[in-house]
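Here are a few exercises to work through with the model open in your viewer. Try each task before you read its solution.

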Amino acid sequence: MKYIFFDLDGTLVDSSEGIETTFLHTFKLLGVPAPDKETIRTFMGPPLEVTFTNHLPKELVTKAVEIYRTYYKETGQQQTYLYPTIKELLHQLKGLGYHLFITTSKNQEVSLEIAHSLGISDYFEGIYGSIPGSMHKADIIQRVLVDHQIPKEEACIVGDTKFDIIGGKTIGIHTIAVSWGFAPLDQLKEQLPDTILDSPLELLAYLNS
């Protein structure tokens, strides 16, 4: 495997504080009772449009996405931090000749801004996120494969939720789950990823094996 597709939230960065704050703000502004924090944690992974469609009346979904993105850009985005040893991992992978990409269901423009602000954007040959008509993980992975003419057998997805594993399996690439992110471990195991890692630097040993 020469091409590594990283999820962003819950894999490279801990954005839980900012995401939770932004969801609570959005529901409050809409005048709708907010779900509990455990439920909000399940919102971290799928596209916003999907989450709001599942939890709000249809006529409020577009407004909710607008409120969320505006507030997140102004406030929530600042509450995002790299997980320990992530920068060391990216540095070593780049030095070993791996081709690195971000594949996230987060808005693409916001993802670019976050990667740049945290000083990791230069490690990646492409940062792919949610854009109109391409929001689900499988769609985003497919864009990278096509744009860079990458053979599926040489690519893997590294992510912390079932959406990463499902997306990777849908497209037919190797799937690597990580346990330090947002999803419960048993939920990850249910998706039967090719492996589950417990710390970022374990990825180096796994790739070498």
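**Exercise 1. Find the residues with the most contacts inside the largest nonpolar core, and say which helix gives the core its largest share.**

Keep in mind that this is a predicted model.

Step 1: Start with the core itself, which has 47 residues. Inside it, Phe-6, Leu-12, Phe-52, Leu-93 and Phe-124 have the most contacts.

Step 2: Now sort the members by element. Helix H4 (residues 61-74) gives the largest share, six residues.

Step 3: Look for a second group. Another core, of 14 residues, lies apart from this one, and Phe-101, Ala-155, Ile-157 and Ile-171 are among its members.

Step 4: Zoom in on Phe-124. Skipping neighbours within four places in sequence, Phe-124 is in contact with Phe-6, Leu-12, Leu-90, Leu-100, Phe-101 and Ile-102. Notice that Phe-101, one of these partners, is listed in the 14-residue core.

As background, nonpolar side chains in soluble globular proteins tend to be buried together.

**Exercise 2. Decide whether Thr-104 is buried or exposed, then describe its surroundings.**

Step 1: Place the residue. Thr-104 sits in strand S4 (residues 99-107).

Step 2: Check accessibility. The relative accessibility of Thr-104 is 1%, so this residue counts as buried; the cut-off for that is under 20%.

Step 3: Look for a polar partner. The Thr-104 side chain reaches the backbone nitrogen of Lys-106 at 3.0 Å.

Step 4: Collect the contacts, leaving out residues up to four places away in sequence. Thr-104 touches Asp-7, Leu-8, Ser-111, Tyr-128, Gly-129, Ser-130, Lys-137 and Ile-140.

**Exercise 3. Work out how many cavities of 30 Å³ or more there are, and set out their linings by class.**

Step 1: Count them. There are two cavities of 30 Å³ or more.

Step 2: Take the largest cavity, with about 310 Å³ of space. Its lining has 25 residues, and Asp-9, Pro-46, Leu-48, Ser-105 and Lys-106 lie nearest the centre. Lys-106 is also the residue whose backbone nitrogen the Thr-104 side chain reaches.

Step 3: Trace that lining back to elements. Helix H1 (16-30), helix H3 (48-55), H4 and S4 each supply at least two residues.

Step 4: Turn to the second largest cavity, which holds about 40 Å³. Its lining includes Phe-6, Thr-11, Leu-12, Trp-180 and Leu-203. You met Phe-6 and Leu-12 in Exercise 1, as residues with the most contacts in the largest core.

Step 5: Put the classes side by side.

| Cavity | Nonpolar | Polar | Charged |
|---|---|---|---|
| Largest | 10 | seven | eight |
| Second largest | 10 | one | none |

Definitions and conventions: Residues numbered from 1 in each chain as written. Predicted model: local features only at pLDDT ≥ 70, side-chain atom pairs only at ≥ 80, totals over all residues. Heavy atoms only, no water. Helix = DSSP H or I, 4+ residues; strand = E, 2+ residues; numbered from the N terminus. Buried < 20%, exposed > 50% of the residue type's maximum accessible area, 1.4 Å probe, protein only. Polar contact = N/O pair within 3.5 Å; in protein donor to acceptor, adjacent residues only side chain to side chain. Contact = heavy atoms within 4.5 Å. Core = buried A, V, L, I, M, F, W, Y, C linked by side-chain atoms within 4.5 Å. 1 Å grid on protein atoms, 1.4 Å probe; cavity = no way out; pocket = protein on both sides within 12 Å on 5 of 7 lines; lining within 4 Å. Points joined across faces, edges and corners; volume = space filled by probe spheres on them. Nonpolar A, V, L, I, M, F, W, Y, C, P; charged D, E, K, R; others polar.
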